[in-house]
Amino acid sequence: MSNVLNCTGHELKLPNIVDSAGAYLFDDRGNRYLDLESGVWCTPLGHKNARVNTAIMRQASSIAHAGFCFSNNIVEDAAKSVLEITGLDGGQCVFLCSGSEAIELARQICKHITKKPVTMCLHDAYLGSYSSVIHRENGWHLFDWRECAVCPNGEDCKSQCPKLKDIPDSVSEFVFEPGSASGFVRFPPASLIRNIVEIIRAQGGKIVVNDVTTGMGRTGEWFGFNHYQIEPDLVAIGKGLGNGYPVSGLAINRKTIGELKDDIFIYVQSHQNDPLGAAVAHEVIEVLIDEDLVSRAAILGGKFLKELQTLANSKCITEVRGRGLMLAVEFAEKTVGDRIYDQLLEKGYIVCNRGGMFRIDPPLVIEEADLLRFVEVFRSLLDEE
Ligand SMILES: Cc1ncc(COP(=O)(O)O)c(C=O)c1O
């Protein structure tokens, strides 16, 4: 029996993974796997990124953690970078340890300011692992947007639509996940989101964007919310921010920071604003900029989507969709997906298999040739079905 508790609900699939490089993982038997999942969507720069590793070693060999009573320039610089890429210049940023925590802090801040009790999110939004966001029986307004996806008004979504009129005045914050990562990789209509944002703002609520998965270039823009022409009050970032190192961030706009200063707010966590996490975040942002990886995700993602869509000719596939390098392939039957998943793994390809759907989120640095080879292997397995 293993000494390690695995309570993720996911079976451990691969043997001992001992090494990595870019988009590849290697096991102790010398097998190579193309990681089309980026771990848990956490490594946009690929595994064992040399610049990030150097930044980790440099920072760890001076000061990794000093405690929240001491400041450090690297944290200042990293916060400035986050505020620049989120467009929340003039605001402030705090570094934390996980996406779940960034969402938790965002909700606490909004409730502290607005004094309103209800959190609103789209019905299929994943907001983290804490019980405070998993159990949504009380204090939540879940907006079911399935009808909106096929609404005849399309991009002319009307603010007088009954569903929008039902949004209660008691909403403290709308936590918007701009592309359901853990659900079905669907992207809500922009006009719907703009209308919701307008209503929440008019009622005195805040707009929190959950860009934990869709952020850091994944969808071909810096952040998923950039596809929606909205200006959030708070942006939660995780996963890709650390490229595998557990650092997350919450960027907060100037107005909200002003409101927090008017009414003292306390949130204490041992690793808040640790220099090591901040150094990693700073370097990840620099690499994304220097290597123009956000545009690369848009261009490469567009080509990859087109290639994957050719698989929809197979009777086994019902839909292929995506935005940037965040894609999904849906199967007509779950059992076919399960079978193909196992075969892909055997052939050295890792995708994320979720009940009849593959989620595919490769590192932004992946080679085009690797993506094309994957599509051909996938096609040959579909042909055998
Ligand atoms: C959209 C989204 N939000 C929040 C989280 C929570 O992040 P973490 O697992 O780092 O706590 C996840 C994790 O999968 C996620 O996909």
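## A walk through a two-domain predicted model

Leaving out neighbours within four places in sequence, D124 is in contact with S180, G183 and F184. That's a handy place to start in this predicted model. D124 sits in the loop that runs between β5 (118-122) and α5 (131-134). Is D124 buried, exposed or partly exposed? It has 18 other C-beta atoms within 10 Å, and burial would take 20 or more, so D124 is partly exposed. E177 belongs in this picture too: D124 and E177 are 53 residues apart in sequence, yet their C-alpha atoms are 8.9 Å apart in space.

Now step back to the whole chain. The domain assignment splits it into domain 1, made of 17-49 plus 292-384, and domain 2, covering 51-290. Taken over C-alpha atoms, the centres of the two domains are 27 Å apart. How many residues of each domain take part in the contact between them? On the domain 1 side there are 26, and they touch 25 residues of domain 2. Several elements each supply at least two residues to the domain 1 side, namely α1 (38-41), α11 (293-309), β11 (317-323), β12 (326-331) and β15 (357-360). Of these, α11 gives the most, with five residues. By class, that side of domain 1 has 15 nonpolar residues, six polar ones and five charged ones.

Next, look at an open sheet of four strands, ordered β1-β2-β3-β13 with mixed pairing. The edge positions go to β1 (17-21) and β13 (349-350); each has a single partner strand, so one side of each is left without a neighbour in the sheet. Further in, β2 (residues 24-27) pairs with β3 (residues 32-35) in the antiparallel sense, over three bridges. If you want a residue to anchor the eye, L25 stands opposite Y33 in β3.

On to the inside. The largest nonpolar core has 103 residues, and A236 and L250 are the ones with the most contacts within it. Helix α10 (residues 275-290) gives the most to this core, with nine residues. Which domains does the core draw on? Both domain 1 and domain 2 put in at least three residues each. A236 is worth a closer look: leaving aside residues up to four places away in sequence, it touches G99, A102, I103, A106, V208, V209, N210, D211, V212 and L250.

Two of those names, G99 and V212, come back at the ligand. Of the 16 residues around the ligand, S98, G99, S100, V212 and T213 come nearest. Helix α4 (residues 99-114) gives the most to this shell, with three residues. By class, the shell divides into five nonpolar, nine polar and two charged residues.

Finally, a couple of backbone oddities. Most residues other than glycine have a negative phi. N243 has a positive one, near 45°, and it is placed in the loop between β9 (234-237) and β10 (248-252). With 30 C-beta neighbours inside 10 Å, N243 counts as buried. N273 also has a positive phi, near 60°. Its loop lies between α9 (254-262) and α10. Why does N273 count as buried? Because it has 23 other C-beta atoms within 10 Å, where 20 or more are needed.

Methods. Residues numbered from 1 in each chain as written. Predicted model: local features only at pLDDT ≥ 70, side-chain atom pairs only at ≥ 80, totals over all residues. Pairing = 2+ DSSP bridges. Domains from an automatic or database assignment. Contact = placed C-beta atoms within 7 Å. Nonpolar A, V, L, I, M, F, W, Y, C, P; charged D, E, K, R; others polar. Near = placed C-beta within 6 Å. Core = buried A, V, L, I, M, F, W, Y, C linked by C-beta atoms within 7 Å. Buried ≥ 20, exposed ≤ 12 C-beta atoms within 10 Å, placed from the backbone.
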